Every structure is written in C-alpha cells, then in structure tokens.
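Student: Please take one part of this structure and examine it closely. I should then like to see how that part fits into its surroundings.

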Amino acid sequence: MRVNTAQCAAFYKHFVLEGDDVAPCCRWSKNFQKFDGDFSQVLHSKKFVELRKKVESGYKLKECSKCYYEEKLGRSLSLRQKLNTYWRVDSVQVESLELNLNNVCNLACIMCNSHFSSRIWKEENPTLPANQGIWRLKDIPNIPDTVKRIRFMGGEPLMTDVHRQVLCSIKDPSKVEIQYITNGMFMLTPEDVVLLNKCAKVAIYVSIDAYGKLNEEIRIGSEWNQIEKFVDDILNNTNYVLGIETVLHKKSWKGLVDLLLWIEEKRKIRPIIWSVHPLIVPQRLSIKNLNLNESKELMEIVTKYYNIP
C-alpha cells in the first residue's frame, strides 16, 4: 500500500490559536483563518475541508516544507510523521489545542520577531507605549470535552496568568494532557502546581539552543543560572515530563556538544526528552548558509555524537 507522504493528522484533530488567528499547526507561515469563538467548529470550516482534500490527494503544501525537509534529512521523525502516529484521520474533531494567547515575552531571541515577542517590538519601537505592541486573545472560550491535549506557547506563557484561566476552565482536567513551551525564566507557582497536578499528564518543554553563555547570546535576556534552576526544580520536585527543545542554526550549532554533555548530566536525575529542529526562517540563520568547512565540522559532530537527536 502506497504511503501518502503529504497526509497530516493535524488537519483532522488539531489547530493553533494565535490571538484571534487560526492556523493548522505551529509551522504554518501565514494566517489561515479568523477565530469565531467556538473551538468545536474550527476544523469544520470551508478552509479546513479544502485543506484535507488537498493532502488526501497527495498534494504537498508549501507551508509544510519544514516537515518535508526534516524527513529528507532522515535523522528523526518530522512533526508531521509524529502527529500521524498520535491521531487517526478517520474522523474530524478537535482533540488538541495549541494556544498562543498573547505575545508577552521577556526575551529578544535572535531568530524571533516582534509578532511573537513584545520585548522585540518595544526595542523596534522605543518611542511608542509598550502595550501597543502586545496582542492577546480577548476572551477564553469554552474548552470542548473532546480536547485531550492543550499546549501553551507564546510569547512566554508563564509570564502572565492567562494559562491559569484556561486550566481553570477545563471541566475534567484528569482527561487532559497539558504541555508548555517555555524559556525557563519563570518558576511554576504553587497555584500552577495545584492546577497541573489535577491533569492527566504534564510536560514542560524548555527552549534551550546552547549551553551557558552562548544560549544567553542567542536568547537575549535569558540567564543561564535561572534556566538551570528551573530545570532542576522540574526534575527534582515534580513528576512532569521534561523536554529540551533546541533550534539548530548558524549561531547554535557550535554549542551542540556542550549542550549534550549538560543534558546527559541532568539525565542522571531522571529522563529528559531532547529534540533538535533545524531552523528554516529567518533564512539568514539557516545552517544551509554554513560554509564548506563549517558544514564538514557539523557533520563530524553529528556523526561522532550519535545521541544528538
């Protein structure tokens, strides 16, 4: 049986809410449709129906190019391939929500932009009031009973209390998995822990691109000691899944080995999931732009340290 290499289960079970904009996944490079306030109806819109017809025919969408690129590299499963192992495509209903509820963020990462970071917006617009650069979802909609997973992104989700409002709105948290993508600069509060301990499962993914000072240079405004304190708190004081999310680009690749050694040391406490994703945009930071010697050195690192994902 021929495998449909365009099919993605996200189009049947999942979507991203970014303020009042909806996208099929976090890698979608442009606005897809506006949010009408009802989570349960999003996947049944005309645009989602048309999207599913395209991929069912084998048509490869340009918005999915990052997954296709990862599949071409072949070192690990792409996001598309992973999602296809999580969900079936024989029915359409929302089971997973990815919520970018605002762009409030304390960092100015070199690969980010003002749409996702209020700090970058303020630096680009120093004479304007900071609140002009902040977008947010006005009201928290009802969470459908079909939802089994909610992932909070940002901005920095732990910087405001909006994620707590969502947690409080879930009818039966014991049936819902909660995930965070965080920069590790804000500790979980006692209130957070009480709410999260009611959930079926909790996973905390910390965005770290390199070890120590190099990470601070990439994720401007971050403090390595604080990130390590956050990681140690999750490892030692909770039973939450901990993951490290690394973006591989021109600035970060030389720090891969040091980061690997740091992660291996932390794994002595308990398991950590580590994922490395090649950066696609902005293109100026892509590893495609490495010179011949740099590309050769990167390949030597990846070959030697086989446990770099």
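Tutor: Beyond the residues up to four places away in sequence, Thr246 touches Ile208, Asp209, Leu259, Trp274, Ser275, Val276 and His277, where contact means heavy atoms within 4.5 Å. The model is a predicted one, in which local features need pLDDT of at least 70 and side-chain atom pairs count only at pLDDT 80 or more, while totals for chains, interfaces and linings use all residues. Residues are numbered from 1 along each chain as its sequence is written, and side-chain values use heavy atoms, with hydrogens and water left out.

With one of these neighbours, Trp274, the side chain of Thr246 makes a polar contact of 2.8 Å. A polar contact is a pair of N or O atoms within 3.5 Å; within protein, one must be able to donate a hydrogen and the other to accept it, and residues adjacent in sequence count only if both atoms are side-chain atoms. Thr246 has 0% relative accessibility and therefore counts as buried; buried means under 20% relative accessible area, exposed over 50%, and partly exposed in between, with a 1.4 Å probe and protein chains only.

Thr246 belongs to strand 10, residues 241-248. Helices (H or I, at least four residues) and strands (E, at least two) are DSSP runs, numbered from the N terminus. Strand 10 is part of an open sheet of 9 strands, with the order 3-2-1-4-6-7-8-10-11 and mixed pairing; two strands pair if DSSP finds at least two bridges between them. At the edges lie strand 3 (33-34) and strand 11 (273-278), each pairing on one side only. Helix 9 (residues 224-237) packs on this sheet, where it touches strand 7 (177-182), strand 8 (201-207) and strand 10, and its direction makes about 160° with that of strand 8. Such axes are lines fitted to C-alpha atoms, for helices over the stretch in contact, and angles run from 0 to 180 degrees between N-to-C directions.

Among the buried residues of helix 9 are Trp224, Ile227, Phe230 and Ile234. The cover over the buried residues of this helix includes strand 7, strand 8, helix 8 (213-218), strand 10 and helix 10 (256-266).

Strand 7 deserves attention in its turn. Because 6 of its 6 residues are buried, strand 7 is largely enclosed by the rest of the structure. In a regular strand the side chains alternate between the two faces of the sheet. Here Glu177, Gln179 and Ile181 point one way from strand 7, whereas Ile178, Tyr180 and Thr182 point the other way. Strand 7 runs parallel to strand 6, to which 4 bridges join it, and Glu177 is the bridge partner of Arg149.

Ile181, in strand 7, is buried with a relative accessible area of 14%. Apart from neighbours within four places in sequence, the contacts of Ile181 are Arg151, Phe152, Met153, Glu156, Pro157, Tyr205, Ser207 and Glu245.

Ile178, by contrast in topic, leads to the nonpolar core. The largest such core has 77 residues, and Phe11, Ile150 and Ile178 have the most contacts inside it. A nonpolar core is a set of buried Ala, Val, Leu, Ile, Met, Phe, Trp, Tyr and Cys residues joined through side-chain atoms within 4.5 Å. A second, separate core of 9 residues includes Leu107, Cys109, Leu279 and Leu285.
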